[in-house]
Amino acid sequence: MDNNNQHSVTHRSQVRVRYADTDKMKIVYNGNYLVYFEIGRTELLRACGLPYTELEKSGYLLPVLEIFARYKAPAVYDDLLDIYATYTLERLPTIRIEYLIKRGEEEIVSGYSIHPFVTADGMKPVRPPKIFFDAIEETLRKQGE
């Protein structure tokens with residue numbers, strides 16, 4: 001995991017652009033970047049020792065409340081993209097994940113998503129659970145060693 005802030009956790013994932021990800025203009029269809037954001041988000045949680053499936057088993061879901069993407073350059077079929085997902089530890093009722101997608105050193109897309117935690121059985125909003133903060137804090141502790 002990469003980290004520029006002692007209270008942030010960043011994880012890098014990679015995805016190779018499939019032909020099916022491109023549009024008639026032969027560039028990645030803009031909506032597919034949201035899928036790439038999801039890859040980054042789920043792999044960030046996994047890298048922190050909390051796969052999304054564990055959150056679900058514990059009775060929590062993370063729906064998307066808000067999502068934003070800023071397109072900077074096109075990606076095309078067979079590009080290898082790096083997806084950087086960053087979470088900064090804050091004790092708020094929602095979490096915000098920042099994303100940066102790059103091809104080599106070139107920035108392709110940046111953005112963020114905001115997620116509330118909700119109960120799986122009733123979709124009732126709840127504060128982020130202890131297991132989430134424990135996983136993030138343990139990851140931050142390991143980074144500091």
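The following exchange concerns how features of this predicted model are classified.

User: What makes the numbering and the values here interpretable?
Analyst: Residues are numbered from 1 along each chain as its sequence is written, and side-chain values use heavy atoms, with hydrogens and water left out. The model is predicted, so local features need pLDDT of at least 70 and side-chain atom pairs count only at pLDDT 80 or more, while totals for chains, interfaces and linings use all residues.

User: Why is K102 called buried?
Analyst: Buried means under 20% relative accessible area, exposed over 50%, and partly exposed in between (1.4 Å probe, protein chains only). K102 has a relative accessible area of 15% and is therefore buried. K102 is found in strand 5; strands (E, at least two residues) and helices (H or I, at least four) are DSSP runs numbered from the N terminus. Leaving aside neighbours within four places in sequence, its contacts (heavy atoms within 4.5 Å) include L81, D82 and E107.

User: What makes R46 and E43 a salt bridge?
Analyst: The term requires a side-chain nitrogen of Lys or Arg within 4 Å of a carboxyl oxygen of Asp or Glu. The closest N and O atoms of R46 and E43 are 3.2 Å apart, so the pair satisfies that rule. The two residues are three apart in helix 1, which means a separation of about one helical turn. R46, at 46% relative accessibility, is partly exposed, and E43, at 25%, is also partly exposed.

User: Which parts of the chain does the salt bridge between R91 and E137 link?
Analyst: The side chains of R91 and E137 meet at 2.2 Å, N to O. This pair links distant parts of the chain, with R91 in the loop between strand 4 and strand 5, E137 in helix 3, and their positions 46 residues apart. R91 is partly exposed at 49%, as is E137 at 32%.

User: How many salt bridges are counted by this rule?
Analyst: The count comes to 13. D79, R103 and E106 are linked in a network of salt bridges.

User: What makes up the largest nonpolar core?
Analyst: A nonpolar core is a set of buried Ala, Val, Leu, Ile, Met, Phe, Trp, Tyr and Cys residues joined through side-chain atoms within 4.5 Å. The largest one has 32 residues, and those with the most contacts inside it include Y33, Y87 and F132. Among the elements supplying at least two residues each are strand 1 (8-16), helix 1 (32-47) and helix 3 (130-144).
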